[in-house]
Amino acid sequence: MAIATASAQVKPGDVITPENAIKVQSLVSPGVYYMVQHGMQMNIVPSQRVDWPPPYMDATEKYASQVMLSADHRSMVGYVAGQPFPLIDANDPFVAEKVIWNNVFRPIQSDDYDLRYFDCQSEYIRPGKEQEIIDNIDVGHYAGYNLVGRTEVEPLPVDPDFKKTGRFWLFALYPVLAPQDARGQGIIRFRYADPKRGDDSWDWNPGSRRVRRLNEALLSTATGAQTFDPDHYSGFNPKTEQYDYKFLGENEMLASVHAAHSPEMTCATDGGASACPENWETRHMYIVEATPRRDVNNPGALDKKTIVYLDSEVWFEPYIDTYDQRGQLWRTHIYWLAYRDRPVPDARIAIYPFKREFVVGAASIDTQGGFSTMCYLPGQHTPERECWYINQGAVDKEFFTVRAMEAASQTGH
């Protein structure tokens, strides 16, 4: 039924604009549909297969049989590397939890990553009008290091440090290079295997030369004149056990996973609020509702619920919608991905022996305020042409320390 509906409404070669947006209403999330109505153009292309990196596939075949959910069905037991739950059954009473854990340990990056020099532009959504940038943020590094689930870079498959610290992964975003009044700022974040231990995170303010430990509630909060929050920097990314999950089904929907552009294109028909025109194709998606466990360990979450749309091959969210306490659509997050053996056509170092997915654009849109932050990965005018270094040992654990973040605020890299 879903496949027939999708093929009947759109076909390769179609161009979707506000004038014919109704054709995709049932094929995208309400948030994406809002953006199409407000000027985001879609080019419909034939669907293409996406394969996992071979080392990730090998690890899945080796270790998946020993993975199970914990007794309370919230955490995992026996996970080592690869995809935790490769066999998804819609009739499984705990299918939602398994889908979300597959999202946590996804194939897009299993060991480490370093995105060097990217920029985000914030603007009001202005259908048919020129872009007026309210804020432009340039950042030196967006990086992560996984201690568990490693498949390509030693130590494999688990960093020995995991037994000492219990950290699943480390994340860093620093230094901010622009605007000038934020230059040198940064954030680091640790995720722990212990289901009852929340994330640790700190930010650095070069003006006061102070490190501040962040309250977990701030991780779902956007700061400044932009709309992205740390829990949605890379899809749906809050502490897994702090939410309840409900499986809403699976469907054939549209997504951009074979993007044509890198750096991404500024959409000229919605005031620069998204990337367009870009390729969208029919994809098989799992849909999960995530609700904060406010009475247990997540009292500060801003959203009443989040609807996660997860691609069944890529295992990354092409889009996510969040709803406010009244149950009204509030924010949508859209991610454009490219599938190739290098992040940019002229790469000389970040070249792989197989194709892999790269996030080349991301937008966080406040649909109630008509405001968007569109990020370009890599930046459109970056001095670093390689941009994405995935599973190449580009960063080590020392990079994810307050000391390193402070030093980068002085040097600018």
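This passage describes the overall form of a predicted model and then three local sites within the chain.

The secondary structure of the chain consists of 6 helices and 18 strands. The radius of gyration is 20 Å, and a compact globule of 413 residues would have a value near 22 Å, so the chain agrees with that expectation. Along the principal axes, the C-alpha atoms occupy a box of roughly 55 × 50 × 50 Å. Burial applies to 59% of the 413 residues. Among contacts with a separation of 6 or more, 66% join residues that are 24 or more positions apart.

The surface was also examined. About 16600 Å² of the chain is exposed, and 52% of this area comes from carbon and sulfur atoms. The charged side chains number 40 positive and 55 negative, and the centres of these two sets are 4 Å apart.

Helix α2 spans residues 30-37 and is mostly covered, with 6 of its 8 residues buried. The buried residues are Gly-31, Val-32, Tyr-33, Tyr-34, Met-35 and Val-36. These buried residues of α2 pack against six named strands: β1 (15-16), β2 (42-44), β12 (278-292), β14 (319-323), β15 (329-340) and β16 (356-366). Just after the helix, Gly-39 adopts a positive phi of about 120°.

One of the strands that α2 packs against, β15, contains Arg-331. The relative accessibility of Arg-331 is 4%; because buried means under 20%, Arg-331 counts as buried. The side chain of Arg-331 makes a polar contact of 2.9 Å with the side chain of Asp-229. Arg-331 and Phe-371 are 40 residues apart along the chain, and their C-alpha atoms are separated by 9.6 Å.

The third site is Phe-236, which lies in the loop between β10 (210-213) and β11 (243-255). With a relative accessibility of 6%, Phe-236 also counts as buried. When its neighbours within four places in sequence are left aside, Phe-236 is in contact with Ile-100, Asn-103, Asp-231, Tyr-243, Tyr-245, Ala-290, Thr-306, Val-308, Glu-317 and Ile-320. The C-alpha atom of Phe-236 is separated by 24 Å from that of His-38, and these two residues are 198 residues apart along the chain.

Key: Residues numbered from 1 in each chain as written. Predicted model: local features only at pLDDT ≥ 70, side-chain atom pairs only at ≥ 80, totals over all residues. Heavy atoms only, no water. Helix = DSSP H or I, 4+ residues; strand = E, 2+ residues; numbered from the N terminus. Rg over C-alpha atoms; globule rule 2.2 N^0.38 Å. Buried < 20%, exposed > 50% of the residue type's maximum accessible area, 1.4 Å probe, protein only. Contact = heavy atoms within 4.5 Å. Areas by Shrake-Rupley, 256 points an atom, 1.4 Å probe, with all protein chains shown as cover. Lys, Arg positive; Asp, Glu negative; His and termini not counted. Charge placed at Lys NZ, Arg CZ, Asp CG, Glu CD. Polar contact = N/O pair within 3.5 Å; in protein donor to acceptor, adjacent residues only side chain to side chain.
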